[in-house]
Amino acid sequence: ALDMFRRNQLLGGGREALRERLLEASLQVRQGIPLDDAPNDAHNEYFDVLATRGTTGLALTLSALLVPFAVFFRLRKDPGARAPAKTGMLFIFAFAVAGLTDVQFAVNMKRMLYLFTVMLLLASATAWPPAPTAK
């Protein structure tokens, strides 16, 4: 994955090119014996994005994590939104850490789980009436 990134740092090499490289690597490791199910991702969200989409893709992926995290971080001060905001921050943190050992956003089911959970928690955090201000 890192070798592919070095070759095309801005936009990456694409998903098919990564699959081909992983198949070649698995054949070398297994002395030419093909795997029943060859790997098709880098098993790390960040390396996978760098290889397939380059630094542009990594910037977009990190913004998908950091922007909602920043919103939840700001909402955590409101007493009515504290619980969903802290839950949202924890969910995003867990999703980002899980990306160290698994590809998250390349799988539709995981991408949709992330999107709908963040949307639900944002709606929950902003649905509360604002806390009364001290005069």
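This is a short talk on how the helices of one chain pack together.

Morning, everyone. A reminder before we start: this is a predicted model. 

Let's take the overall layout. The secondary structure comes to five helices and zero strands. Read from the N terminus, the order is α-α-α-α-α. The chain has 135 residues, and 30% of them are buried. Now look at contacts with a sequence separation of 6 or more. Of those, 62% join residues 24 or more positions apart.

I'll spend my time on α3, α4 and α5. We'll take them pair by pair.

Start with α3 and α4. How do they cross? Their axes come within 8 Å, at roughly 165°. Anything over 145 degrees counts as roughly antiparallel, so that is what α3 and α4 are to each other. The crossing is left-handed. On the α3 side, find Y46, L65, P68, F69, F72, F73 and L75. They meet R82, P84, A85, G88, M89, I92, F95 and A96 of α4. By type, that contact divides into 13 nonpolar residues, one polar and one charged.

Next, α4 and α5. Helix α4 covers residues 82-98, and helix α5 covers residues 108-127. Their axes are 9 Å apart, and the packing angle is about 160°. This pair is therefore roughly antiparallel too. Again, α4 passes α5 in a left-handed crossing. From α4, the contact takes P84, A85, T87, G88, F91, I92 and F95. From α5, it takes K110, L113, Y114, T117, V118, L121, S124 and A125. Here the split is ten nonpolar, four polar and one charged.

Third pair: α3 and α5. Parallel or antiparallel? The axes come within 11 Å and cross at roughly 20°. That makes α3 roughly parallel to α5. The handedness is left once more. In α3, the residues to click on are A64, L65, P68, V71, F72 and L75. Their partners in α5 are Y114, V118, L121, L122, A125 and T126. Eleven of the residues in this contact are nonpolar, one is polar and none is charged.

Now the core. Which elements give two or more residues to the largest nonpolar core? First, the core itself. It holds 18 residues. L65, F72, I92 and Y114 have the most contacts inside it. And the elements in question are α3, α4 and α5. Helix α3, residues 45-75, gives the most, with seven residues.

Put L65 in the middle of your screen. What does it touch? Leave out residues up to four places away in sequence, and the list is Y46, I92, F95, A96, F105 and Y114. You have met several of these already. I92, F95 and A96 are in the α4 side of its contact with α3. Y114 is in the α5 side of the contact with α3.

Last stop: T101. Where does it sit? In the loop between α4 and α5. Buried or exposed? The cut-off for exposed is over 50% relative accessible area. T101 has 61%, so it is exposed. Now find H43. It is 58 residues away from T101 along the chain, yet the two C-alpha atoms are separated by 5.5 Å.

To wrap up. Helix α4 runs roughly antiparallel to α3 and roughly antiparallel to α5. Helices α3 and α5 are roughly parallel. These three helices each give two or more residues to the largest nonpolar core. Over to you for questions.

Terms used. Residues are numbered from 1 along each chain as its sequence is written. This is a predicted model: local features need pLDDT of at least 70, side-chain atom pairs count only at pLDDT 80 or more; totals for chains, interfaces and linings use all residues. Side-chain values use heavy atoms; hydrogens and water are left out. Axes are lines fitted to C-alpha atoms, for helices over the stretch in contact, and angles run from 0 to 180 degrees between N-to-C directions. Helices (H or I, at least four residues) and strands (E, at least two) are DSSP runs, numbered from the N terminus. Angles under 35 degrees count as roughly parallel, over 145 as roughly antiparallel, 65 to 115 as roughly perpendicular and the rest as oblique. A crossing is left-handed if the near helix is turned anticlockwise from the far one by less than a right angle, and right-handed if clockwise. Contact means heavy atoms within 4.5 Å. Ala, Val, Leu, Ile, Met, Phe, Trp, Tyr, Cys and Pro count as nonpolar, Asp, Glu, Lys and Arg as charged, and the others, Gly among them, as polar. A nonpolar core is a set of buried Ala, Val, Leu, Ile, Met, Phe, Trp, Tyr and Cys residues joined through side-chain atoms within 4.5 Å. Buried means under 20% relative accessible area, exposed over 50%, partly exposed in between (1.4 Å probe, protein chains only).
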